[in-house]
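Please find below my notes on the model, set out as numbered points. They are meant to be read with the structure open alongside.

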Amino acid sequence: VFDPGQGIPLFTGPELLDMIEQSRYLAVNDYEGRMLAERTSVPLAGIAERVDALILTLGGDGSVIHTGGDTITVPAAKPAALVDPTGCGDAYRAGILYGLAHGWDWERTGRLASVLGAIKIASRGAQNHAVSRETVAEAYFAAFGTHVW
């Protein structure tokens, strides 16, 4: 999964496109997506055509996954509290990687990612939150009304 993060300004448009072309998945937040499109002069729809999936996070508005010409809208899971967004993107991407590693469909994968981001934002610091299969399962069911495992 290519996550350009804060590195976008360090590369030229052609260099970024080369990295994208070598990736299967691209995960960016809305700001990074706009910056990537501007830097490469390729709209996000065009970038999505170059990878198996373009994952665009939208903070409290959820996320959108573009894959195979389809667009999957993933609602944001409601957090217990809004404490600190530091590390939420990493937690979200952990959900994406878990779903990919287990062969899940994109809807289930995106929803798990949303839940992990919601769990993280309720704690201060990037890695101070506690996660267990039980807490994830409970949060997933509360958010989406179905079981994750």
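1. A definition is needed before the rings can be discussed: two rings of Phe, Tyr or Trp (for Trp, the six-membered ring) are taken as a pair if their centres lie within 6.5 Å, and the angle between the planes makes the pair stacked when under 30 degrees, edge-to-face when over 60, and tilted otherwise. The coordinates discussed here are those of a predicted model.

2. On that basis, a search of the whole structure gives 5 aromatic pairs. One of them joins Tyr98 and Trp104, whose ring centres are 5.4 Å apart and whose planes meet at 70°, an edge-to-face arrangement. Trp104 also pairs with Trp149, and because the planes stand at 55°, with 6.1 Å between the centres, this second pair is tilted. Through such ring pairs, Tyr98, Trp104 and Trp149 are linked into a cluster.

3. Which parts of the chain does the pair of Trp104 and Trp149 link? Trp104 belongs to the loop between α4 (88-101) and α5 (106-121), whereas Trp149 belongs to the segment after α6 (133-144), so that distant parts of the chain, 45 residues apart, are linked by the pair.

4. The members of the cluster can also be described by their accessibility. Trp104 counts as buried because its relative accessibility is 14%, below the 20% that sets the limit for a buried residue. Tyr98, with a relative accessible area of 27%, is partly exposed, and Trp149, at 38%, is likewise classed as partly exposed.

5. Two arginines deserve a look beside these rings. Arg108 lies over the face of Trp104, at 3.6 Å from the ring centre, while the charged end of Arg133 is placed over the ring of Trp149, 4.0 Å from the centre of that ring.

6. Turning to α2 (30-40), the buried residues of this helix are Glu32, Gly33, Met35, Leu36, Ala37 and Thr40, and what covers them includes α1 (13-21), β1 (25-29), α3 and α4. At the N-terminal end, α2 is capped by Asn29, a side-chain oxygen of which lies 3.1 Å from the backbone nitrogen of Tyr31.

7. What follows α2, and with what sign of phi? The helix is followed by Ser41, whose phi is positive, near 65°, and this residue lies in the loop between α2 and α3 (44-48). The value merits a check, because most residues other than glycine have a negative phi. Ser41 counts as exposed, because its relative accessibility is 63%.

8. The largest nonpolar core has 14 residues, and those with the most contacts inside it are Ile20, Leu26, Val28, Leu36, Ile47 and Leu54. Two or more residues are given to this core by each of α1, β1, α2, α3 and β2 (53-57), and the largest share, 3 residues, comes from α1. Another core, of 12 residues, lies apart from it and includes Ala91, Leu116, Tyr140 and Val148.

9. Finally, β1 is largely enclosed by the rest of the structure, because 4 of its 5 residues are buried. The strand runs parallel to β2, and 5 bridges join the two. Within this pairing, Leu26 stands opposite Leu54 in β2, and both of these leucines are among the residues with the most contacts inside the largest nonpolar core.

Terms used: Residues are numbered from 1 along each chain as its sequence is written. This is a predicted model: local features need pLDDT of at least 70, side-chain atom pairs count only at pLDDT 80 or more; totals for chains, interfaces and linings use all residues. Side-chain values use heavy atoms; hydrogens and water are left out. Buried means under 20% relative accessible area, exposed over 50%, partly exposed in between (1.4 Å probe, protein chains only). A charge sits over a ring if NZ of Lys or CZ of Arg is within 6 Å of the ring centre and within 35 degrees of the ring normal. Contact means heavy atoms within 4.5 Å. A polar contact is a pair of N or O atoms within 3.5 Å; within protein, one must be able to donate a hydrogen and the other to accept it, and residues adjacent in sequence count only if both atoms are side-chain atoms. A nonpolar core is a set of buried Ala, Val, Leu, Ile, Met, Phe, Trp, Tyr and Cys residues joined through side-chain atoms within 4.5 Å. Two strands pair if DSSP finds at least two bridges between them.
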